[in-house]
Amino acid sequence: MTSTPNRHLKIDLHTHILPERWPDLAKRYGYGTWIQLDHEGCPPGEANMMEGGKFFRRVQCNCWSPEARITELDATTVDIQVLSTVPVMFAYWAKPEDTLDLAKYLNDNIAQSVAEDPKRFVGLGTVPMQAPELAVQEMTRCMTELGLHGLQIGSHVGEWNLDAPELDVFWRAAEAIQCPIFVHPWNDSSETPNRQRPYWGAWLVGMPCETTLAMCSVTMGGVLERFPNLKLCFAHGGGSFLATLGRIDHGFNVRPDLCATKTKHPPSYYLDKLYIDSLVHDLDTLKFVIQKIGASHIMLGSDYPFPLGEHHPGKMIEESDLDDETKQAILYKNAATFLNLKVEDFIQ
């Protein structure tokens, strides 16, 4: 990794990876509509993601191959990718011991990818959030044994929002060991309302709403009141949270009977404890979220390698009229601080 006067370092916080193959999970656990990769009948370097035997999406080898990823990292001048699983693999709906088993498989795979090229990859783990004690157990293993630098979790856990009291044991442990948490919106296909299915609505509208509800939950739900030193980053520029923050704060103030039941402070009070990635696809929107939350709370994120992501990570920022200090903060400095990385360890 090198830095020149004409180019900044880049750490991409938001990327997804899968193993090339894993066991048949329906056979392994005896139930469920699990995700599998089916390479049969696909062109070389491609595979079909199948959900319960039904087609979900086509993916390319950059979804599983570190070598393919390195080639594309070099082409887009990304120095470090932060690897996390694909959210459809969270499996919070399953029996906790089975989700833990799958999480260990996925986390071991991420740790192996990092170990093979530790100057280009950093890892985030996944844990069985529906069983908070098991989640703490696997979080500890990720951070102490596997050398990962945090976790990726979903925006909700079944019927629990992120302020569910059942999750306090997880938040307490994450705060105690200063484990960075990247929150990604998700629903399994059975939770997607029919009205969201046309026009890619679950992704274009549903996901920003999911993230907004998650951010309302940790603020109005008192999570950051109880655990003020948590390190939380939310995907996709925080969804629609910042754009609707005026409305949300107003609601908090005029209906305290509904909104101020777990904290005395409006959501805007907690902005200095929240982080977002930069994936908003529009420079005016990026400037808006900088104005609202501050450049020091935004980190480069691309959603690589999926179509809805930023195909040349950081290019919009690099070519913008943002000042150099802001560019450096978003492109790499904030992520290095958030993930407890020493930049000098990655410089070649």
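Guide: Rings of Phe, Tyr and Trp (its six-membered ring) pair if their centres lie within 6.5 Å; planes under 30 degrees apart count as stacked, over 60 as edge-to-face and the rest as tilted. In this predicted model, local features need pLDDT of at least 70, side-chain atom pairs count only at pLDDT 80 or more, and totals for chains, interfaces and linings use all residues. Residues are numbered from 1 along each chain as its sequence is written, and side-chain values use heavy atoms, with hydrogens and water left out.

Visitor: Welcome words indeed! How many aromatic pairs does the structure hold?

Guide: There are 11 aromatic pairs.

Visitor: What makes the pair of Tyr 29 and Trp 34 tilted?

Guide: Their centres are 4.9 Å apart with 50 degrees between the planes, so the pair falls in neither the stacked nor the edge-to-face range. Ring pairs also link Tyr 29, Tyr 31, Trp 34 and Trp 93 into a cluster.

Visitor: Why is the pair of Tyr 269 and Tyr 270 called edge-to-face?

Guide: The planes stand 85 degrees apart, with 5.1 Å centre to centre, and an angle over 60 earns that name.

Visitor: Are Tyr 269 and Tyr 270 buried or exposed, and how do you know?

Guide: Buried means under 20% relative accessible area, exposed over 50%, partly exposed in between (1.4 Å probe, protein chains only). Tyr 270 has 1%, so Tyr 270 is buried; Tyr 269 has 47%, so Tyr 269 is partly exposed.

Visitor: Why does Thr 76 count as buried?

Guide: Because its relative accessibility is 13%, which is under the 20% limit.
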